[in-house]
Each structure stands twice: as C-alpha cells, then as structure tokens.
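Biologist: Could you pull up the model and take a few questions on how its inside is put together?

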Amino acid sequence: MSKIRIAVQGCCHGELDSVFQKVEQIHSRKALDLLIILGDFQSIRDIKDMDSISVPPKYRKMGKFYKYYRNDIYKIPVPVLFIGGNHESMRHLMKLPYGGYVSPNIYYMGYSNVVWFKGVRIGALSGIYKKWDFDTNRPSWDKMEAQQWGNNLEYSKINIKSLYHVRQRDVLPLYMMNDKNPMDIMLSHDWPDGVSYHGDIEELLRLKPFFRKDINNHELGSPINWELLCRFKPKWWLSAHLHVKYRATINHSILDDSNKTNDTNKDEIELDLSDDEENIDIGEQEVGPKQNETTKFLALDKCMPGKKCMDVIEIEPNEDHVSYKNMSCDESLNLYWDKEFIRNLVFTQERKDLLQIPVQNITYEKLFGNSSNINDEMLHDGAADSRYKVPNYSRGIQRKEEEQTSYFEKTFLTK
C-alpha cells in the first residue's frame with residue numbers, strides 16, 4: 001500500500017515564498033501529496049488587515065500571502081491545509097469560521113474541523129488556549145470591525161488577542177467524537193500540555209531553559225489539547241507555537257489516566273531524537289490495533305533561515321474511504337468533510353445547553369451511546385455523499401469569504 005507523504009511546516013509568519021521554495025525542493029526529490037502549516041499563517045490581504053493582527057507595529061509586514069490571494073492561477077508545489085495560530089489576520093479569517101479557500105489550493109481549517117484527504121483523517125483546532133476566555137463568546141466580526149482598528153491601540157490589542165483564544169464551542173464537536181474511530185493526524189498551534197514529559201526533556205530545556213517553570217507547573221501547553229490527545233490517540237499530533245523542534249512518543253498503554261501530566265518512566269518510552277531537518281518520519285511501522293497504542297508528537301520551529309521548521313511524515317491511508325477512492329489525478333486539493341464531526345457540529349447548534357456543561361464531562365458515550373437514531377457505522381462507511389465533498393476550488397472563490405461560509409451553513413446548519 002502506498003503511503004501519503006505530507007510536508008509539515010511550523011509557524012509560517014507570512015513567509016509563503018520561502019516555505020514553498022523548501023517544499024518544491026523536497027517535492028522534486030520524492031513527490032509530496034500535501035503541505036500542512038501549523039499556524040501563524042498571517043493571511044494579510046491588504047494594509048487594513050495589518051490592524052487586525054497581534055504583532056507590535058515595528059514588526060508588522062505585509063508578507064507574501066496577498067500575491068496568492070489576488071492571483072487566481074498562482075502555482076504552488078502541492079495542496080495546502082493550515083490552521084490558525086495566535087498571530088493571524090483575524091479581519092480575514094473570522095469570515096471563515098468553518099474553514100474555506102484563501103487562495104487556489106490553500107485551505108484554512110476554521111476554528112475547528114475534521115476532514116479527509118486521500119484516505120487520511122485530519123482533525124484541527126486553531127488558536128491557543130487561555131482559560132479566562134474559554135467559556136466566553138468570541139466577539140463577532142462586525143463588532144470588531146466597527147471598533148475601527150488601530151484608533152485605540154491598547155484597546156484594540158486586547159481585543160485582537162482574545163480572538164485567537166480557543167472557545168468551548170470550538171472544541172465541543174471534537175469532545176463529542178467517538179474515540180474508537182481512529183484519527184490519523186491532529187493539528188493544534190499550541191502543544192498538548194503533557195507531551196514534554198514524553199520526549200527528551202533535558203534537550204528541550206537546554207534549547208529553551210525558560211520553559212522550566214511551565215514544565216514544572218505542568219503548564220507548557222494546553223490542557224484541552226492533552227485531553228483530546230488522550231481520547232483520540234491519533235497516530236500523529238502536530239504543533240508549533242513554541243519555536244522549537246521537538247519529538248515525543250506517548251505510549252497510551254502505560255499512561256496513568258489518573259495523573260496524565262506526571263513524568264513517565266523514560267525507559268518505557270520510545271524516543272526519536274534526530275535533529276536532522278531532512279530526516280523523514282515514516283509513521284507507524286506496525287500493522288493492526290497496536291497502531292492506536294502510541295501517538296507520535298512533532299513540533300516545529302518558525303520559518304527562518306537555519307531553523308528546524310519543516311519535516312515530512314508518511315501516513316498509511318484508509319483505502320475504503322471515498323476520499324481515497326476518488327483521488328484526483330491532478331494536484332488539486334480534494335477534500336471531504338468528516339461526517340461525524342459535522343453531525344456533532346449540528347448537534348451543538350441544536351443543544352445550546354451543552355455550553356453550560358464543563359467540556360471535560362462531554363463524551364460520545366454520554367450523548368450518543370444509547371441513542372437509537374445515531375447509526376455510527378453510516379458515519380464511517382466511507383460511502384460517497386455529495387454533501388460532504390468540499391467543493392473544488394473555483395476561480396476567485398477565495399475573495400468571496402461570505403459565500404463560502406453561507407454554503408457551509410446552508411448545507412449543514414440551516415433547516
């Protein structure tokens with residue numbers, strides 16, 4: 001069985017030309033199927049967008065994204081998926097809460113999402129976790145736009161930063177998923193807060209000694225991401241944000257569920273400590289149920305010369321899924337929305353009371369375990385359903401953000 005080859009980029013910071021140049025080099029040696037960018041993408045379309053990004057004025061720059069946004073036939077080496085970080089053009093991305101095209105063959109995953117690409121199931125959560133904003137509502141685009149970005153810099157900065165923070169409604173559809181259905185890859189900008197204990201923590205502290213306090217306090221990352229990692233047990237969890245390359249292997253069979261952030265006996269953990277940027281991780285080698293017993297974690301640095309910001313992973317696809325059976329012969333981005341995630345998203349729209357329940361208490365079993373109207377097999381039978389096919393890119397659609405969002409809402413969220 002051929003594997004799907006995916007290039008993974010850490011924080012982008014608007015350096016798309018540099019990222020694509022590196023991808024082209026790798027792609028020319030051995031073909032890639034996809035590029036994933038793990039946040040701080042910075043989709044700045046124009047000067048006005050620069051007032052909606054949390055970056056000190058002296059460090060602000062247009063970057064290269066605007067070229068890809070304005071040009072409908074720009075050629076890029078391979079299709080791209082990306083998530084949001086904590087330095088994004090929110091004036092742009094807030095128009096695409098459920099995701100959408102921002103350029104030909106470049107697709108934003110929205111605040112949260114699960115999609116299929118060539119038989120690979122990919123989950124995503126944009127932004128970073130801050131507990132004081134988690135249970136609050138994210139301000140609307142209209143409200144933020146009405147504040148006239150930049151007139152009151154301090155007030156504007158506070159509001160902009162809050163837009164990047166993960167909300168409970170973002171993670172609810174993920175918490176509601178059946179953890180017995182395998183997830184191949186999970187994407188987040190900030191790390192799950194337990195992963196640092198499952199890699200070479202001494203090397204991490206040598207590179208980033210100021211992490212010590214957060215590591216000692218079990219606060220280096222997001223508790224929400226760690227909870228999801230322990231539930232999903234994905235083959236891979238990919239993150240950025242902390243500007244360092246780091247690998248870890250989480251062995252779920254020995255993980256202490258009663259205290260998940262405790263340091264685990266390093267003799268019981270498989271470590272892959274190669275620092276070679278060109279080193280290629282080839283995924284799980286074993287076949288069968290044991291694949292779900294471990295999660296490989298990979299974090300990458302930001303896009304700068306000399307930084308370890310890109311790597312390649314390979315994933316064995318599910319050949320029974322429609323996204324594999326209907327793979328495009330060209331290099332277009334051929335995506336399918338995940339039926340289970342959509343089911344959960346619709347459910348959260350109908351059950352507003354779920355927002356009053358601590359998210360850690362939300363589980364698939366509690367919501368759907370005894371429900372006769374949920375046919376879980378139908379959600380994962382891989383059968384074709386035209387509603388779940390993400391529309392192919394059409395010329396200029398990236399400049400019609402409201403139209404993309406309206407299509408999603410009419411297809412799934414409007415009765």
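**Cores, a covered helix and the cysteines**

Modeller: Helix α7 (residues 168-175) makes a good start, being mostly covered. This is a predicted model, where local features need pLDDT of at least 70, side-chain atom pairs count only at pLDDT 80 or more, and totals for chains, interfaces and linings use all residues. Residues are numbered from 1 along each chain as its sequence is written, and side-chain values use heavy atoms, with hydrogens and water left out.

Biologist: How many residues of α7 are buried?

Modeller: Buried means under 20% relative accessible area with a 1.4 Å probe, protein chains only. Helices are DSSP runs (H or I, at least four residues), numbered from the N terminus. Val171, Leu172 and Tyr175 are among the buried ones, and the count for α7 is seven of eight.

Biologist: Which helix gives the largest nonpolar core its largest share?

Modeller: A nonpolar core is a set of buried Ala, Val, Leu, Ile, Met, Phe, Trp, Tyr and Cys residues joined through side-chain atoms within 4.5 Å. The largest one has 81 residues, and Leu81, Ile122, Ile185 and Trp191 have the most contacts inside it. Its largest share, six residues, comes from helix α10 (residues 223-232).

Biologist: How many disulfides does a search of the whole structure find?

Modeller: A disulfide needs a pair of cysteine sulfur atoms within 2.5 Å. For Cys12, the nearest cysteine sulfur, that of Cys303, is 6.0 Å away. From Cys309, the nearest is also that of Cys303, at 4.8 Å. The search of the whole structure comes back with zero.

How values were computed: Buried < 20%, exposed > 50% of the residue type's maximum accessible area, 1.4 Å probe, protein only. Helix = DSSP H or I, 4+ residues; strand = E, 2+ residues; numbered from the N terminus.
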